[in-house]
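Here is a short briefing for a first look at this structure. Keep the model in view while you read the points below.

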Amino acid sequence: MRTCLYARYSTDNQSQNSIEDQLRACRERAAREGWTIAMVHADEGISGATPVALRAGGKALLADALADRSDILIVEGLDRITRDLAE
């Protein structure tokens, strides 16, 4: 399985180190499952209320998904992607 990892933090609530912490947890999950990490995207200092398509990492994530470059997306939690589940 080709796996994409995504991490995000907002400056108000988290430190920049949190990106690496999130990605470490995602990499550990991929390793446990035997999945190949095909790409990694991240956004630093951006609120989860900002639409995914308006973030640099989120935009790249969506482009990769639409181009069928991955089979699995791993995030530490859904709130790393969005605060609006309808999105």
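**Salt bridges first**

By the salt-bridge rule, the count comes to six. The model is predicted. Its protein chain has a mean pLDDT of 90, and 90% of the residues reach 70 or more.

**Charged pairs**

- Side chains of opposite charge can pair when their charged atoms come close.
- One salt bridge joins the side chains of Asp71 and Arg2, at 3.1 Å from N to O.
- This pair links distant parts of the chain, with the two positions 69 residues apart in sequence numbering terms: Asp71 sits in the loop between α2 (56-66) and β3, while Arg2 sits in strand β1.
- Asp71 is partly exposed, at a relative accessible area of 41%.
- Arg2 is partly exposed too, at 32%.
- Arg24 and Asp21 form another salt bridge through their side chains, at 3.0 Å from N to O.
- These two residues are three apart in helix α1, so about one helical turn separates Arg24 from Asp21.
- Arg24 counts as partly exposed, with 43% relative accessibility.
- Asp21 is also partly exposed, with 41%.
- The side chains of Asp64 and Arg69 make a salt bridge at 2.6 Å, N to O.
- Asp64 counts as buried, at 10% relative accessibility, whereas Arg69 is partly exposed, at 39%.
- Arg2, Asp68 and Asp71 are joined into one network by salt bridges that share partners.

**Overall layout**

- The protein chain has two helices and three strands.
- Along the sequence, they follow the pattern β-α-β-α-β.
- The chain holds 87 residues, and 33% of them are buried.
- Among contacts with a separation of 6 or more, 66% are between residues 24 or more positions apart.
- The accessible surface comes to about 5200 Å², and carbon and sulfur atoms account for 50% of that area.
- Confidence is lowest in helix α1 (residues 17-33), at a mean of 94, and highest in strand β3 (residues 72-74), at 97.

**His41 and its surroundings**

- His41 belongs to strand β2 (residues 36-44).
- Is His41 buried or exposed? His41 is buried, because its relative accessible area is 13% and the cut-off for buried is under 20%.
- A polar contact of 2.6 Å connects the side chains of His41 and Asp64.
- Beyond its neighbours within four places in sequence, His41 is in contact with several residues, including Cys4, Tyr6, Gly57, Ala60 and Asp64.
- His41 and Ala60 are 19 residues apart in sequence, and their C-alpha atoms are 7.1 Å apart in space.

**Nonpolar cores**

- In soluble globular proteins, nonpolar side chains tend to be buried together.
- The largest nonpolar core here has eight residues: Leu5, Ala7, Tyr9, Ile19, Leu23, Cys26, Ala30 and Ile74.
- Strand β1 (2-9) and helix α1 are the elements that give two or more residues to this core.
- Helix α1 gives the most, with four residues.
- Leu5, a member of this core, is in contact with residues including Leu23, Cys26, Met39, His41 and Ile74, leaving aside its neighbours within four places in sequence.
- Another core lies apart from the largest one and has six residues, among them Met39, Val52, Leu61 and Ile81.

How values were computed
Residues are numbered from 1 along each chain as its sequence is written. This is a predicted model: local features need pLDDT of at least 70, side-chain atom pairs count only at pLDDT 80 or more; totals for chains, interfaces and linings use all residues. Side-chain values use heavy atoms; hydrogens and water are left out. Buried means under 20% relative accessible area, exposed over 50%, partly exposed in between (1.4 Å probe, protein chains only). Contact means heavy atoms within 4.5 Å. Accessible areas come from the Shrake-Rupley method with a 1.4 Å probe; for residues, only the protein chains shown count as cover. pLDDT is the predictor's confidence in each residue, from 0 to 100. A polar contact is a pair of N or O atoms within 3.5 Å; within protein, one must be able to donate a hydrogen and the other to accept it, and residues adjacent in sequence count only if both atoms are side-chain atoms. A nonpolar core is a set of buried Ala, Val, Leu, Ile, Met, Phe, Trp, Tyr and Cys residues joined through side-chain atoms within 4.5 Å. A salt bridge is a side-chain nitrogen of Lys or Arg within 4 Å of a carboxyl oxygen of Asp or Glu.
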